[in-house]
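Please open the structure in your viewer and keep the selection tool at hand. We will go from place to place, and at each stop you will be told what to select and what is there.

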Amino acid sequence: MKKSISLISFVIVSLFFCSNAKTVKVEITPQPSEVSPLISPEIYGQFAEHLGSCIYGGIWVGESSDIPNTKGYRNDVLEALRELQIPVLRWPGGCFADEYHWRDGIGPREDRPTMVNSNWGGTVEDNSFGTHEFFDFCEILGIEPYLSANVGSGTVEEMAKWVEYITAPDGPMAKEREKNGRKEPWKLKYLGVGNESWGCGGSFLPEAYADVYRRYQTYCRNFGNNRLYKIASGASDYDYNWTDVLMKKAKNNMDGLSLHYYTVWDWANKGKATEFTPDVYYYTLGKALEIDDVIGSHADIMDKYDPEKRVGLLVDEWGTWWDVEPGTNPGHLYQQNTMRDAMVAALTLNVFHGYADRVRMANIAQLANVLQSMVLTNGPEMVVTPTYHVFRMYTPHQNGKLIPLNFNSPYIEVPSERSDVMRKVPMISATASEKDGKVTVSLVNTSLDDKAEIDIPLMNLDVNRISSAEILTSPNISDFNDFGHPETVRPNEFKGATVKKGNLEITLPAASIVTLTLTK
Ligand code: AHR
């Protein structure tokens, strides 16, 4: 069932005109409930694949690099990522995962074999970033690792031994790990058994993959105190049959089932990241918001087999996907990131909150230099993207108790030359959560022209004062941060909210994202 967070009616919407400026009024009623789910921090998860310069150059430069680094990891990237409180990081792919043989990435770096990354531009990699480098990176940033393991071109034994190498407290694999510099086992919770197994992960039919999944996961053991959370490779977009078959045949063998959804509507002509018309902007938001229906439909199927909602739906790849920047390797998926991408991020996170009872993890694609990334690097330079700012502004929602909001938003209906489907984009999207006596409210105004006056009665909430308020907006929706202009898009203190007589009153500018924290 679709669970759009802005659809429940309690409608107080009116339009009035004041000179040329149109202002839309919306009343939002918080409905806190004891039975509301917690928002899994893991929906703020990230994904780092061996693809383009995500790992090599983006995260890892090696200890001998001139770029300031800690044990080979870029200091600027480490510092930026710390702010995001990243809960979980998926690695090494993506499509790369089903061609990755982990033994090539352990032992002395100078002895590691090179490999051709045949999924992504044929780039030759030296395997200097492998299992130890990934787990150390996660340890430095306090991130839960999520391994995506090779089913397509790997053996059961290879996968089983990888888990043993990482997590066993003793035995032959533990000895080998110790010889390579790590005595204590790492903790590994999230284990993905294959990636896009219907495509680059082996071109399986769902019935065949369900059997293979059951077999592979059998031999991935819990060593010592480690407890695996096993994830089956799930559907993309509208492939509901895949979810149905996997749930029917393997639900008892999995803890999670994945789903991939990218904001792209024409794979042959994805469009430029930084140049687009208002129509294409609204169309993009409409396509991004379609994830609400897609999750709802997959969740309905899961409910049929798992009404207790034991199995998590993990949207472990999502985000925008544009044409690569001119002059860059088409296989490296390097794209810029504008305020439009920030809008997609905020709207999508709001949708995930609405499914907090089933969506337990989501991993935006990807961490650095690939697709809708958090950071972009160019040699020694680094900028954070508008999408990064959204993730930073939304951190207070991690582990918050969802506060359902009742309101109705006006829609912006946009025809598009790119499709005969009318896109209906809600002007206002909102989400709220409560944690440690603080209430965090995040609001998005998607309109490029109109501002909104939002009224939120606080009588159901035990807060009466704004303790912090930030806004992300920019004069042009296509604004972005680039080397030499790293702060074109950045959050500022928001001064458009006050509490008056128990009401939170907010003037939300056009094309803006606001996060407010309220306390007593
Ligand atoms: O994120 C880029 C690619 O998109 C991943 O490797 C693959 O899983 C998906 O098709």
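## Starting inside the protein

Begin by selecting isoleucine 513 in this predicted model, and then show its contacts beyond the neighbours within four places in sequence, which are Met339, Ala342, Met343, Ala346, Val390, Met393, Tyr394, Leu443, Val444, Glu470, Ile471 and Leu472.

Next, widen the view to the largest nonpolar core, which has 160 residues, and colour Ile295, Phe352, Leu367, Ile506 and Ile513, since these are the residues with the most contacts inside it. Now select helix H9, residues 339-354, which gives the most to this core, with 10 residues. Apart from this core lies another one, of 7 residues, and you can find it by selecting Tyr190, Tyr229, Ile231 and Met361, which are among its members.

## Moving to the ligand

Which residues come nearest to the ligand? Select Glu49, Cys95, Glu196, Tyr262 and Glu317, which come nearest of the 13 residues around the ligand. By class, this shell is made up of 7 nonpolar, 3 polar and 3 charged residues.

Stay with the ligand and look at its oxygen atoms. At cysteine 95, a backbone N or O atom lies 2.8 Å from a ligand oxygen, whereas at glutamate 196 a polar side-chain atom lies 2.8 Å from an oxygen atom of the ligand. Tyrosine 262 also places a polar side-chain atom 2.8 Å from a ligand oxygen. Finally, show the surface of the ligand: taken alone, the ligand exposes 280 Å², and the protein buries 93% of that.

Key: Residues are numbered from 1 along each chain as its sequence is written. This is a predicted model: local features need pLDDT of at least 70, side-chain atom pairs count only at pLDDT 80 or more; totals for chains, interfaces and linings use all residues. Side-chain values use heavy atoms; hydrogens and water are left out. A nonpolar core is a set of buried Ala, Val, Leu, Ile, Met, Phe, Trp, Tyr and Cys residues joined through side-chain atoms within 4.5 Å. Buried means under 20% relative accessible area, exposed over 50%, partly exposed in between (1.4 Å probe, protein chains only). Helices (H or I, at least four residues) and strands (E, at least two) are DSSP runs, numbered from the N terminus. Contact means heavy atoms within 4.5 Å. A residue is near a molecule or strand if one of its heavy atoms lies within 4 Å of it. A polar contact is a pair of N or O atoms within 3.5 Å; within protein, one must be able to donate a hydrogen and the other to accept it, and residues adjacent in sequence count only if both atoms are side-chain atoms. Accessible areas come from the Shrake-Rupley method with a 1.4 Å probe; for residues, only the protein chains shown count as cover. Ala, Val, Leu, Ile, Met, Phe, Trp, Tyr, Cys and Pro count as nonpolar, Asp, Glu, Lys and Arg as charged, and the others, Gly among them, as polar.
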